[in-house]
Amino acid sequence: MPTAPGRVACSPPAVIYRVAYGFVSHGARFYITGRVPERFAECPARLDERLARKFGLGRSRWTRYRRKEQGLANLWYLRYSDLWLLMSSLGRFKPSEVSFFEGNQWEDIRQRPLKFWGHSI
């Protein structure tokens, strides 16, 4: 299954660049990290597609702008190898998204920097 462009980083420096300049500079402040579950180990692209469908990842710039104006949070997703990162801007979540986000511990990147490959972002 092909992976949508922009969701998978090809190298550690690419992860650092995408997070710092692509996500944080556009309002992402909160993050959750994890590893690809065993059931997706053979084809991690299935996890990418599943999360993209569930949370509407890959929205256009204008859709993210409208969501921000409505007070809704925007989400960004990135995977490198078997590590994934989900980032969120400040805002409310839609009812269909709330169950996932209430049960997980979000970290504030301003309070606890994201550490990756010897760098703090």
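**Stop 1: the sheet**

Start with the open sheet in this predicted model. Select its four strands, which lie in the order S2-S3-S1-S4 with antiparallel pairing. The edges are S2 and S4 (107–108), each pairing on one side only. Now add helix H2, which packs on the sheet and touches S2 and S3. The direction of H2 makes about 180° with that of S2.

**Stop 2: strands S2 and S3**

Select residues 75–80, strand S2. Is this edge strand enclosed? Look at the count: five of its six residues are buried, so S2 is largely enclosed by the rest of the structure. Next, show S3, residues 83–89. Six bridges join S2 to S3, and the two strands run antiparallel. Pick out two of the bridge partners. Leucine 78 is matched with leucine 85 in S3. Tryptophan 76 is matched with methionine 87, also in S3.

With side chains shown, keep a general rule in mind. In a regular strand, side chains alternate between the two faces of the sheet.

**Stop 3: the turn at serine 81**

Move to the loop between S2 and S3 and select serine 81. The hairpin has two residues between its strands. What is the sign of phi at serine 81? Phi is positive there, about 55°, although the residue is not a glycine. Serine 81 is partly exposed, with a relative accessible area of 48%.

**Stop 4: helix H2**

Select residues 44–55, helix H2. This helix has twelve residues. From first C-alpha to last, H2 reaches 17 Å, close to the 16 Å expected at 1.5 Å a residue.

Which residues of H2 are buried? Colour Ala45, Leu47, Asp48, Glu49, Leu51, Ala52 and Phe55. Asp48 and Glu49 are on that buried list along with Leu47 and Leu51. As background, an α-helix has 3.6 residues a turn, so residues three or four places apart point the same way.

Step past the end of H2 to glycine 56. Its phi is positive too, near 65°.

**Stop 5: aromatic pairs**

Show the aromatic rings. The count comes to three aromatic pairs. Visit two of them here.

Begin with tyrosine 17 and tyrosine 21. Their ring centres are 5.0 Å apart and their planes meet at 40°, so the pair is tilted. Both tyrosines lie in helix H1 (residues 12–23), four residues apart, about one turn of the helix. Buried or exposed, how do tyrosine 17 and tyrosine 21 sit? Both are exposed.

Now select tyrosine 80 and phenylalanine 116. This pair is edge-to-face, with 6.1 Å centre to centre and 90° between the planes. The two rings link distant parts of the chain: tyrosine 80 is in S2, phenylalanine 116 is in S5 (residues 115–116), and they are 36 residues apart. Tyrosine 80 is partly exposed, with a relative accessible area of 24%. Phenylalanine 116 is buried, at 15%.

**Stop 6: asparagine 74**

Finish in the loop between helix H3 (61–69) and S2, where asparagine 74 lies. Asparagine 74 is buried, with a relative accessible area of 5%. What lies 3.1 Å from a polar atom of its side chain? It is the backbone oxygen of arginine 64.

Now show what asparagine 74 touches, leaving out residues up to four places away in sequence. The list is Arg64, Arg67, Lys68, Met87, Ser88 and Ser89. Met87 is familiar from Stop 2: methionine 87 is the bridge partner of tryptophan 76.

Technical notes. Residues are numbered from 1 along each chain as its sequence is written. This is a predicted model: local features need pLDDT of at least 70, side-chain atom pairs count only at pLDDT 80 or more; totals for chains, interfaces and linings use all residues. Side-chain values use heavy atoms; hydrogens and water are left out. Buried means under 20% relative accessible area, exposed over 50%, partly exposed in between (1.4 Å probe, protein chains only). Two strands pair if DSSP finds at least two bridges between them. Rings of Phe, Tyr and Trp (its six-membered ring) pair if their centres lie within 6.5 Å; planes under 30 degrees apart count as stacked, over 60 as edge-to-face and the rest as tilted. The expected span of a helix is 1.5 Å times one less than its number of residues. Contact means heavy atoms within 4.5 Å. Axes are lines fitted to C-alpha atoms, for helices over the stretch in contact, and angles run from 0 to 180 degrees between N-to-C directions. A polar contact is a pair of N or O atoms within 3.5 Å; within protein, one must be able to donate a hydrogen and the other to accept it, and residues adjacent in sequence count only if both atoms are side-chain atoms.
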